[in-house]
Amino acid sequence: MKRTGLLQTAGLIGLIAMATTATAQDDSQLVVNGEIEMVTDAPAPENIGGLKTIYSGWRFRQSEMQALQTDDFENPGAYAIDEGVEMWATVEGSEGKSCASCHEDIEDSMAGVRAVYPKWNESKGQVMTLAQQINDCRTEQMGAEAWKYDGGDMTSMEAAISLQSRGMPVNVATDGPAADAWAKGEEMYYTRYGQLELSCANCHEDNYDNNIRADHLSQGQINGFPAFRIKTGKLTQTHNRFKGCIRDTRAETFSPGSDEFVALELYVASRGNGLSVEAPSVRP
């Protein structure tokens, strides 16, 4: 490692060491609209090392930010739901179809879908994310143009579909034909990137519940994505967040929708098996 890398990493470790423990393991529980009870902590999945208990990112937020997610009228990400539902019924493409043409009502047909993605697609012979499945439907069934992977239209549609699984447990399959992609994602999770030579695990496994400056490190769970980020003032998709994390290590990052990020999403999603789907969540 270069001397500058050593100094940068040492500085980061020092910032973490000076942090104070916060409130991830308190008794706070998330209930949305006074009726939808969320599981925000659960035993770690058996195939996940390094953790005994998994925690939703909601547990690491300040009380004011937590409160935003308890009421859909206060949740700043709720605007995307209306946009997504409207697009669901909008006819596009050469086939004269909308999403509703095949799937009918979004509430019934999409219930439970978000909880199992990414998943193996037998006809494509690959693991596909929800965004990839949406674009496949658009191009193959509707004859419409694919959306930008992490663009506004895609993120709103993901949010609207994800909402139909809210409160259901994440249950992503990691065995069978998905096993190779899962293993690739696991390897990426523990690989050090960039000038700072940091892996996902360095922050989200080794140092969760500590602070780096004002950032309270969570376990990096993605059960709440798409998430409204206060920092950017908009809804953020999983791969966009991955890109930002790797960029923060001062490394060349991968592209949203790339094979690398699909594998990483599969692995990270599986680390949250047992937590409730929360999307759209509110995060810093």
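**Exercise 1. Is F261 buried or exposed, going by its relative accessibility?** Then look at the ring that F261 pairs with.

*Solution.* Keep in mind that this is a predicted model.
- Step 1: F261 has 0% relative accessibility, so F261 counts as buried.
- Step 2: F261 and F254 make an aromatic pair. The ring centres are 5.7 Å apart and the planes sit at 75°, which is edge-to-face.
- Step 3: Check the partner. F254 has a relative accessible area of 22%, so F254 is partly exposed; the cut-off for buried is under 20%.

**Exercise 2. Work out the geometry of the Y189 and Y190 pair, then find the cluster they belong to.**

*Solution.*
- Step 1: Centre to centre, the rings of Y189 and Y190 are 5.3 Å apart, with 75° between the planes. Planes over 60 degrees apart count as edge-to-face, and that is the label for Y189 and Y190.
- Step 2: Now the accessibility. Y189 comes out at 3%, so Y189 is buried, while Y190 at 35% is partly exposed.
- Step 3: Follow the ring pairs outward. They link Y189 and Y190 with W182 and Y267 into a cluster.
- Step 4: For the whole structure, the tally is nine aromatic pairs.

**Exercise 3. Find how many disulfides the structure holds, and check C137 and C245.**

*Solution.*
- Step 1: The count is zero disulfides.
- Step 2: Take C137, which is in no disulfide: the nearest cysteine sulfur belongs to C99 and is 7.2 Å away. A disulfide would need the sulfur atoms within 2.5 Å.
- Step 3: Do the same for C245. The closest cysteine sulfur is in C200, at 7.0 Å, so that is too far for a bond.
- Step 4: How accessible are these two? C137 is partly exposed at 23% relative accessibility, and C245 is partly exposed too, with 31%.

**Exercise 4. Test whether the span of helix α7 agrees with its twelve residues, then describe its surroundings.**

*Solution.*
- Step 1: α7 runs over residues 152-163, and at 1.5 Å a residue it should span 16 Å. The end C-alpha atoms are 16 Å apart, so the two values agree.
- Step 2: Nine of the twelve residues are buried, so the helix is mostly covered. Among them are M154, M157, A159 and I161.
- Step 3: The packing partners of those buried residues are α3, α4, α5, α6 and β10.

**Exercise 5. Trace the largest nonpolar core, starting from L264.**

*Solution.*
- Step 1: This core has 26 residues, and L264, L266 and V268 have the most contacts inside it.
- Step 2: The elements giving two or more residues to the core are α8, α10 and α11, and α11 gives the most, with seven residues.
- Step 3: Leaving out residues up to four places away in sequence, L264 touches G185, M188, Y189 and F242.
- Step 4: There is also a second, separate core of 16 residues, which includes L130, W147, Y149 and M154. R138 lies over the face of W147, 4.0 Å from the ring centre.

**Exercise 6. List the buried residues of helix α10 and say what covers them.**

*Solution.*
- Step 1: α10 covers residues 238-248, and its buried residues are T238, H239, F242, G244 and I246.
- Step 2: Their cover includes β10 and α11.
- Step 3: Look just past the helix: R250 takes a positive phi of about 65°.

Definitions and conventions:
Residues numbered from 1 in each chain as written. Predicted model: local features only at pLDDT ≥ 70, side-chain atom pairs only at ≥ 80, totals over all residues. Heavy atoms only, no water. Buried < 20%, exposed > 50% of the residue type's maximum accessible area, 1.4 Å probe, protein only. Helix = DSSP H or I, 4+ residues; strand = E, 2+ residues; numbered from the N terminus. Contact = heavy atoms within 4.5 Å. Expected span 1.5 Å × (residues − 1). Core = buried A, V, L, I, M, F, W, Y, C linked by side-chain atoms within 4.5 Å. Phe/Tyr/Trp six-rings, centres within 6.5 Å; stacked < 30°, edge-to-face > 60°. Lys NZ or Arg CZ within 6 Å of the ring centre and 35° of its normal.
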